[in-house]
Amino acid sequence: MPLTEHLTSPRLPSVDTLSDGQVRGRDCVHCGVTLSAGAVVDLGPQSVKRCGSEVTWFPRACQPCTDGRYVGVLLDAAFSACRVLPPPDRLMDLYLRLRHEICRRMPAVQGAAAGAGEGTLTWHSHRRVIDAVADALAEGPGEHPSPLVLAMSAAELGRRLRDLAPYPPCEES
């Protein structure tokens, strides 16, 4: 499964799905916790088109999310999606963020499989993860999914991301 886009950091949520505090940088863009001085990571200026003009916003995150809790936030959202059934725009945003994080981690598991020696138990373990992730990514929710189908697809990607959590994300360009 080739890496098809530049994936060096967690995908930012869509501005449309964020609270006012997250857009203004008062709250973590990933988990929503109110940020305190000294524990803030500036994620750099981002542009978004609003009412025909380009608007710049300055997302910020808490240190735990930038240190890896982000995956936990995604997993919690994925595993509760079918039960809570968020609005379709939030579900699509969650689905895209899960795909992005999975793609960031695939090079690590592929490298681990390549280094394990074909046919070994370790190689088969890595291959099982790679094949399950590839199947989940290939299946997808379809072109115009219902909210429930999208929630089920997000939950499946959550299961695959949980399998990939031990592998470090790709930090190369």
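A residue is called buried when its relative accessible area is under 20%, exposed when it is over 50%, and partly exposed in between. By this rule, 37% of the 173 residues of the chain count as buried. The model examined here is a predicted one, and the values below were computed from it.

The chain contains five helices and four strands. Read from the N terminus, the order of elements is α-β-β-β-β-α-α-α-α. The C-alpha trace spans about 55 × 40 × 30 Å along its principal axes. The radius of gyration is 17 Å, which agrees with the value near 16 Å for a compact globule of 173 residues. Among contacts between residues at least 6 apart in sequence, 64% join residues at least 24 apart. The chain exposes about 9,400 Å², and carbon and sulfur atoms supply 54% of this area. As for charge, there are 18 positive and 20 negative side chains, and the centres of these two sets lie 5 Å apart.

In soluble globular proteins, nonpolar side chains tend to be buried together. In the present model, the largest nonpolar core has 33 residues, and Leu98, Ile102 and Leu164 are those with the most contacts inside it. At least two residues of this core come from each of strand S4 (60–62), helix H2 (63–84), helix H3 (88–116), helix H4 (121–139) and helix H5. Helix H3 gives the most, with nine residues. The surroundings of Leu98 can be listed in detail. Apart from neighbours within four places in sequence, Leu98 is in contact with Leu74, Ala78, Ala154, Leu157, Gly158 and Leu161. A second core, separate from the one above, has five residues, including Val15, Leu18, Val48 and Trp57.

Individual positions were then considered, beginning with the N-terminal part of the chain. Thr17 is placed in the segment before helix H1 (20–24). Thr17 counts as buried because its relative accessibility is 7%, and the cut-off for this class is under 20%. When neighbours within four places in sequence are left aside, the contacts of Thr17 are with Asp89, Arg90 and Asp93.

Thr56 belongs to strand S3 (residues 53–57). The relative accessible area of Thr56 is 42%, so this residue is partly exposed. Beyond the neighbours within four places in sequence, Thr56 is in contact with Pro45, Gln46 and Ser47. The C-alpha atom of Thr56 is separated by 41 Å from that of His126, which is 70 residues away along the chain.

Phe79 is found in helix H2 and, at 35% relative accessibility, counts as partly exposed. Although Phe79 and Glu156 are 77 residues apart in sequence, their C-alpha atoms are 8.5 Å apart in space. With neighbours within four places in sequence left aside, Phe79 is in contact with Ala155, Gly158, Arg159 and Arg162. Gly158 also appears among the contacts of Leu98.

The loop between H2 and H3 holds Leu85. Most residues other than glycine have a negative phi. Leu85 is not a glycine, yet its phi is positive, at about 50 degrees. With a relative accessible area of 38%, Leu85 is partly exposed.

Ala114 lies in helix H3. This residue counts as exposed because its relative accessibility is 66%, the cut-off for that class being over 50%. Ala114 and Leu96 are 18 residues apart in sequence, and the distance between their C-alpha atoms is 28 Å.

Towards the end of the chain, Pro169 is found in the segment after helix H5 (147–164). Pro169 has a relative accessible area of 23% and is therefore partly exposed. Not counting residues up to four places away in sequence, Pro169 touches Glu101, Arg104 and Arg105. Its C-alpha atom is separated by 21 Å from that of His124, and the two residues are 45 apart along the chain.

Notes:
Residues numbered from 1 in each chain as written. Predicted model: local features only at pLDDT ≥ 70, side-chain atom pairs only at ≥ 80, totals over all residues. Heavy atoms only, no water. Buried < 20%, exposed > 50% of the residue type's maximum accessible area, 1.4 Å probe, protein only. Contact = heavy atoms within 4.5 Å. Core = buried A, V, L, I, M, F, W, Y, C linked by side-chain atoms within 4.5 Å. Rg over C-alpha atoms; globule rule 2.2 N^0.38 Å. Areas by Shrake-Rupley, 256 points an atom, 1.4 Å probe, with all protein chains shown as cover. Lys, Arg positive; Asp, Glu negative; His and termini not counted. Charge placed at Lys NZ, Arg CZ, Asp CG, Glu CD.
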